[in-house]
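Trainee: Before we go through the open and enclosed spaces of this protein, could we have the sequence and the model in front of us?

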Amino acid sequence: MSAALLAYADEVSGCTRCRLAQGRTQVVFGAGSPSADLMFVGEAPGFHEDKQGIPFVGQAGKLLETLLAGIGLARQDVYIANTLKCRPPGNRDPQPDEVEACEPYLFRQIELIEPIVIATLGNFATKLLSGRPTGITRVHGQEQEAVLGGRKVLLYPLYHPAAALYTPAMLKVLESDFARLPELLGRELVPPSPPAPSFAEFAPAQPAVQLGLF
Ligand code: URA
């Protein structure tokens with residue numbers, strides 16, 4: 001972690017901004033490369049994440065790792081965070097006041113990491129970061145520009161891996177949406193290279209014979 005991100009994680013570790021502070025084992029701040037071009041934002045820590053202090057270490061995390069491997073990336077190459085930093089009891093849905101209390105942490109993380117693409121996993125992260133109420137079923141796989149943490153980023157909503165775990169049709173969609181990530185990262189990173197010169201550009205407009213060269 002960069003020094004600034006590390007210091008910020010330390011600051012957030014004692015958070016008591018909402019009721020979730022009472023039932024948690026620890027704050028699950030986030031993990032991965034502090035200078036990642038690709039950042040994932042999930043929903044909230046579950047049982048295993050709360051115990052280990054690392055996001056996406058359970059079944060959904062295994063699937064996320066498999067999907068990442070499919071595009072040639074590992075956990076350490078990206079940054080993974082959640083909308084909520086503490087586990088809701090019994091893994092219930094985040095409540096609006098909890099999301100509101102926790103969102104400054106996510107925005108500051110984005111500011112410090114400066115990702116190019118933010119892939120939101122599921123409804124909660126997607127609605128928060130897009131600022132729109134449209135659900136994931138309608139917006140998954142559709143990148144949109146957004147200004148977050150004071151910078152332009154490409155927001156890319158994806159189905160939550162936990163939802164795809166037991167729904168093969170959803171997994172197929174998630175896989176094909178995931179396959180576009182390299183293109184989205186490259187689009188922002190490298191300006192498109194000029195097309196290779198075609199033969200016509202080298203060839204004289206008129207055949208050599210007509211030009212009197214032979
Ligand atoms: N689901 C999430 O949204 N986040 C985690 O960290 C684990 C499961």
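Trainee: By class, how many nonpolar, polar and charged residues does the lining of the largest pocket have?

Mentor: Bear in mind that this is a predicted model. The largest pocket has a volume of about 580 Å³, and its lining is made up of 26 residues, with A44, A60, N91, H160 and A162 lying nearest its centre. Sorted by class, that lining has 13 nonpolar, 10 polar and three charged residues.

Trainee: Which helices each supply at least two residues of the lining of the largest pocket?

Mentor: The residues nearest the centre of this pocket include A60 and A162, and the stretches 59–70 and 161–164 are both helices that contribute to the lining. A further contributor is the helix spanning 47–52. The helices that each supply at least two lining residues are therefore, with helices numbered from the N terminus, α3, α4 and α8.

Trainee: What takes the space of the largest pocket, and which residues surround it?

Mentor: The space of the largest pocket is the one taken by the ligand. By class, the shell around the ligand has three nonpolar, three polar and two charged residues. The surrounding residues are G42, E43, A44, E49, P55, F56, N82 and H160.

Trainee: Which residue places a side-chain N or O atom 2.8 Å from a nitrogen atom of the ligand?

Mentor: Two other residues can be set aside, because a polar contact here is a pair of N or O atoms within 3.5 Å and theirs involve the backbone: an N or O atom of the E43 backbone lies 2.7 Å from a ligand oxygen, while one of the A44 backbone lies 3.0 Å from a ligand nitrogen. The side-chain contact at 2.8 Å belongs to N82.

Trainee: How much of the accessible area that the ligand has on its own does the protein cover?

Mentor: Besides the backbone contacts of E43 and A44, the ligand has a contact with the side chain of N82. On its own the ligand has 230 Å² of accessible area, and the part covered by the protein is 90%.

Trainee: Turning to enclosed space, which helix gives the most to the lining of the largest cavity?

Mentor: The count comes to one cavity of 30 Å³ or more, and about 110 Å³ of space lies in the largest cavity. Its lining has 15 residues, of which C15, C18, C86, C102 and Y105 lie nearest the centre, and by class there are 11 nonpolar, no polar and four charged residues. Both α2 (20–23) and α5 (96–113) supply at least two of them, but the helix that gives the most, with four residues, is α5.

Terms used. Residues numbered from 1 in each chain as written. Predicted model: local features only at pLDDT ≥ 70, side-chain atom pairs only at ≥ 80, totals over all residues. Heavy atoms only, no water. Near = heavy atom within 4 Å. Polar contact = N/O pair within 3.5 Å; in protein donor to acceptor, adjacent residues only side chain to side chain. Areas by Shrake-Rupley, 256 points an atom, 1.4 Å probe, with all protein chains shown as cover. 1 Å grid on protein atoms, 1.4 Å probe; cavity = no way out; pocket = protein on both sides within 12 Å on 5 of 7 lines; lining within 4 Å. Sits in = over half its atoms within 2 Å of the grid points. Nonpolar A, V, L, I, M, F, W, Y, C, P; charged D, E, K, R; others polar. Points joined across faces, edges and corners; volume = space filled by probe spheres on them.
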